[in-house]
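Work through the exercises below with the structure open beside you. Try each task before you read its solution.

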Amino acid sequence: MRKAMIILAACSLLTPVAARTTKQQPSTPGKFKEFRDKMLGNYKDYRDKVLDNYDKFLDGVWTEMATFKGEEYNPKPKPKHVPELKQKETPAVLPVPDEPVPPPSEPSSPSKTSPSSPERGTTPSNATTPSSTTTPSAAIGTPLSFDYHGMQMQLPALGVSLMGACRDKTDFAAQWRNLARADFAGDFISAVRRLSDECKLNDYLTFDLLMGYAGRMFPDVDSSSRASFVHFMLNNMGYDARLGITDSGVTMLMLPLKQKIFARAFMEIDGQRYYVFTDDKHTPADIGGYINTCQLPRGVDAGNHFDLTIPAGLNLPYKAHPFEVNFGGMQLKGEVNANLMPLLYRYPQMPMGDYASSTLMPTLREDLVRQVKTQLSGIPQLEAVNTLLGFIQRGFEYATDEEQHGFEKPYFLEETLYYPKCDCEDRAVMYGYLLSKALGVENHLIFYPGHESVAVTLDTDIEGDNYTYKGKRYMISDPTFIGAATGVCMPQYKTTTPKIDYVYR
């Protein structure tokens, strides 16, 4: 890692830094500071030291750091054609799988309240334009509508202006001071929080919402200036977000995530990964090998990390997309919210266990479980498991993500019901969920190089490919191996040790 020290006065963090005004004013007005102290809660003393001096940090040391290419979750290519059982396989005792990797322990997100998700068909008539009202201050205006992945949202317009562009550290520092002096942040953060809670957005989608708003509110400034605005807002909402500049002058936001993600460049600061996010005009090729970023004092509480999971559903404007899946006398029928698809299309690629633990539409899932229970009730467990297995194998058409999208795109369960084709991990998530919730069958979502599968526990012993884990016997039950019943593993994986991605209990 190379380091470049960029013009630092030795006492820059101890004495006021000259702003681009004739008179230095307090960096944090009393009204906003009072609001922020209340919002940040018990750990405010640590955060206040960071936020009240952040303009000085931006005006201080910037360090040039190496970036790392995003990792591939499953670098081995998936089969272009769905595998099909050709001959009877000899049962085998398989290698014991690796322990699932527990999620990292990270700072919790700022406190948020989450309203319950409305039932399908009871969405208020004005739900196509979620809005957030607030008591206006000098810099808060009337509601401003903006496009959020095809949905119209509203947040207050701001009576503040941004620099045309932020080209170096002094610009970022000056803009931070200008935003801190403006009497808008407390009211605006409250409005963002209300809208985020109303829509049940997680940390990452709240960041994404701010990016959409900044594009509409400040369309005529450079993306570097909008990134500076979003950086200011995120930090004052309690998150850790960093600014970075490439050698070619591209400005980006760098976010620490609670999950390890893939296919996205990152850098490491004090052992923590910060993933690179740019506007839509820039690609990973613009990032280059090194990024200059502001250096914060070691050991300070820089803020919360961003969570990508969606645990309790999304409450967004509804656009019905009907689906119907049929095979072997079974059927799943209903509709999915098409408005979710553009929102999630370029969602950061998480470990498969995080897709399995997320829920986009709770009411839809309840209906899927009801349908499966109704159709498979009253038959022996193994027969029900194999009937559901055959339904997933043949009811969903197969295609790799590369073929369908041009890049690796694991689906949330609801996305599998929207897109015309899916691959092995999407089938495994769907199958594992229905096994657990509809049939009460505990199962593992398991990873092989180039493949995702499922293993189930059964009430009765049967012959077949299996492994024993913590005293329980798990039979391979592969929703992508066409024609294979429970207990049949793809031949190429019989000697491969799988990794448990998720446990459906």
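Three exercises follow, on a model that is predicted.

**Exercise 1. Describe how strand 2 and strand 3 are joined, and decide whether strand 3 is largely enclosed.**

Solution.
- Step 1: Find the strands. Strand 2 covers residues 140–148, and strand 3 covers residues 151–158.
- Step 2: Look at the pairing. The two strands run antiparallel, with seven bridges between them. One bridge pairs Y148 with M151 of strand 3.
- Step 3: Check the turn. Two residues separate the strands of this hairpin. H149, in the turn, has a positive phi of about 55°.
- Step 4: Check burial. Seven of the eight residues of strand 3 are buried, so the strand is largely enclosed by the rest of the structure.

**Exercise 2. Classify the ring pairs W62–F172 and F266–Y275.**

Solution.
- Step 1: Start with the total. The structure holds 31 aromatic pairs.
- Step 2: Take W62 and F172. Their centres are 5.9 Å apart, with 20° between the planes. Planes under 30 degrees apart count as stacked, so this pair is stacked.
- Step 3: Place the two residues. W62 lies in strand 1 and F172 in helix 4, so the pair ties together parts 110 residues apart in sequence. Both W62 and F172 are buried.
- Step 4: Take F266 and Y275. Their centres lie 5.7 Å apart and their planes meet at 50°, so the pair is tilted. F266 and Y275 are both buried.

**Exercise 3. Which charged ends sit over the rings of F407 and F447?**

Solution.
- Step 1: Over F407 sits the charged end of R346, 3.9 Å from the ring centre.
- Step 2: Over F447 sits the charged end of K499, 5.5 Å from the ring centre.

Notes: Residues numbered from 1 in each chain as written. Predicted model: local features only at pLDDT ≥ 70, side-chain atom pairs only at ≥ 80, totals over all residues. Heavy atoms only, no water. Buried < 20%, exposed > 50% of the residue type's maximum accessible area, 1.4 Å probe, protein only. Helix = DSSP H or I, 4+ residues; strand = E, 2+ residues; numbered from the N terminus. Pairing = 2+ DSSP bridges. Phe/Tyr/Trp six-rings, centres within 6.5 Å; stacked < 30°, edge-to-face > 60°. Lys NZ or Arg CZ within 6 Å of the ring centre and 35° of its normal.
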